[in-house]
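Student: I have a chain to go through. Can we work from its fold to its packing?

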Amino acid sequence: MQKSEERIKDICRFIEEYQFDHRITPTMDLIAEAVGTVKSNIYKYLTEMESRGIILRNGRSIQVRHATKATPELNRVPILGTIACGEPSFAEEDFEEYVPLPVVLFGKGDFFILHTKGESMIEVGIEPGDMIVVRKQSTAEDGDIVVALVGSETTLKRFYMDKKRKCIRLHPENSSMKDIFVKECRIQGVAQHVIKAL
C-alpha cells in the first residue's frame, strides 16, 4: 500500500504538537483519531516512516527526525510565581527558572509565565495548577484575558472597558462568580497560551 505523503505530514505534526503539550508520545489510538484513520493503518504508517528514517522509535517513544535536526529560535521566558484566578491576591513574584519557548509557536516578544490558582477562569479551560504564558504589555483590548494589578494585588480576568459605568470590568469566566468593577487597574500583560498541568 502506498502511503499518503500528506498523512505522513499530519502524523508527524500531531506527534510533535502532542509531545509539546503533554511531554509524552501519543498512543496509536490518539494518532489514528487525530488523522482520521484506524489504529492498524497507523501501525503500518509508523513502520514505513521508521524504515524511511522519518521517525525514530524506542518502545512507545517516537521522535520525529527533522525535529531533532532543527535548531528553532527559542525565547527564554521566566516563571514568576503564582496568580489568582479568583479574588485578587498578592502576586508571589518569586523567580523560579527560565523555560525555552519556540518562537514559531509563541511568537517574538517579552513573555513571562505564571502558575494559576483558583477557579474563576475554568470556563475557558484555565484550571488551578495550569501555567499561563503572558505577553508583557501595559494595554489591552476588550475581551483580552489580562494580568491586572488592582491596587497592590493581582488577578487574572477578562478585560472590558465599561463605558456605561465609566469604569473597568474584570470578568471571571465562571458563571458562579461576579464581575469586579474598578476605576482603574494596571495591565501587566495579556495571556497568550495555557500550559496544562500534568
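Tutor: We take the overall make-up, then two helices, then the nonpolar cores.

Student: How many helices and strands does the chain have?
Tutor: Keep in mind that this is a predicted model. Of the 198 residues in the chain, 40% are buried. The secondary structure comes to 5 helices and 11 strands.

Student: What share of the contacts with a separation of 6 or more comes from residues 24 or more positions apart?
Tutor: A contact here needs heavy atoms within 4.5 Å. Among contacts in the chain with a separation of 6 or more, residues 24 or more positions apart account for 58%.

Student: How far apart are the end C-alpha atoms of helix 3?
Tutor: Helix 3 has 13 residues, 39–51. At 1.5 Å a residue it should span 18 Å. The model agrees with that expectation, as the end C-alpha atoms are apart by 19 Å.

Student: Within what arc do the buried residues of helix 3 fall?
Tutor: The buried residues in helix 3 are Asn41, Ile42, Tyr45, Leu46 and Met49. Seen down the axis of helix 3, they line one face, because they fall within an arc of 135 degrees.

Student: What covers the buried residues of helix 3?
Tutor: Two helices and two strands are included in the cover. The helices are helix 1 (5–22) and helix 2 (28–35). The strands are strand 1 (55–58) and strand 2 (61–64).

Student: Which helices do the buried residues of helix 2 pack against?
Tutor: Ile31, Ala32 and Val35 are buried in helix 2. They cover an arc of only 100 degrees around the axis, so they sit on the same side of helix 2. Their packing partners are helix 1 and helix 3.

Student: Which residue takes a positive phi just after helix 2, and which just after helix 3?
Tutor: Phi is about 75 degrees just after helix 2 and about 80 degrees just after helix 3. The residues are Gly36 after helix 2 and Gly53 after helix 3.

Student: Which element supplies the largest share of the largest nonpolar core?
Tutor: That core has 17 residues; Ile11, Ile15, Ile42, Leu46, Met49 and Ile55 touch the most other members. Helix 1, helix 2, helix 3 and strand 2 each supply at least two residues. The largest share, 6 residues, comes from helix 1.

Student: How many residues are in the other core that lies apart from it?
Tutor: Its members include Met121, Ile132, Val134 and Ala191. This separate core is made of 12 residues.

Key: Residues are numbered from 1 along each chain as its sequence is written. This is a predicted model: local features need pLDDT of at least 70, side-chain atom pairs count only at pLDDT 80 or more; totals for chains, interfaces and linings use all residues. Side-chain values use heavy atoms; hydrogens and water are left out. Helices (H or I, at least four residues) and strands (E, at least two) are DSSP runs, numbered from the N terminus. The expected span of a helix is 1.5 Å times one less than its number of residues. Buried means under 20% relative accessible area, exposed over 50%, partly exposed in between (1.4 Å probe, protein chains only). The arc is that of the directions from the helix axis to the C-beta atoms. A nonpolar core is a set of buried Ala, Val, Leu, Ile, Met, Phe, Trp, Tyr and Cys residues joined through side-chain atoms within 4.5 Å.
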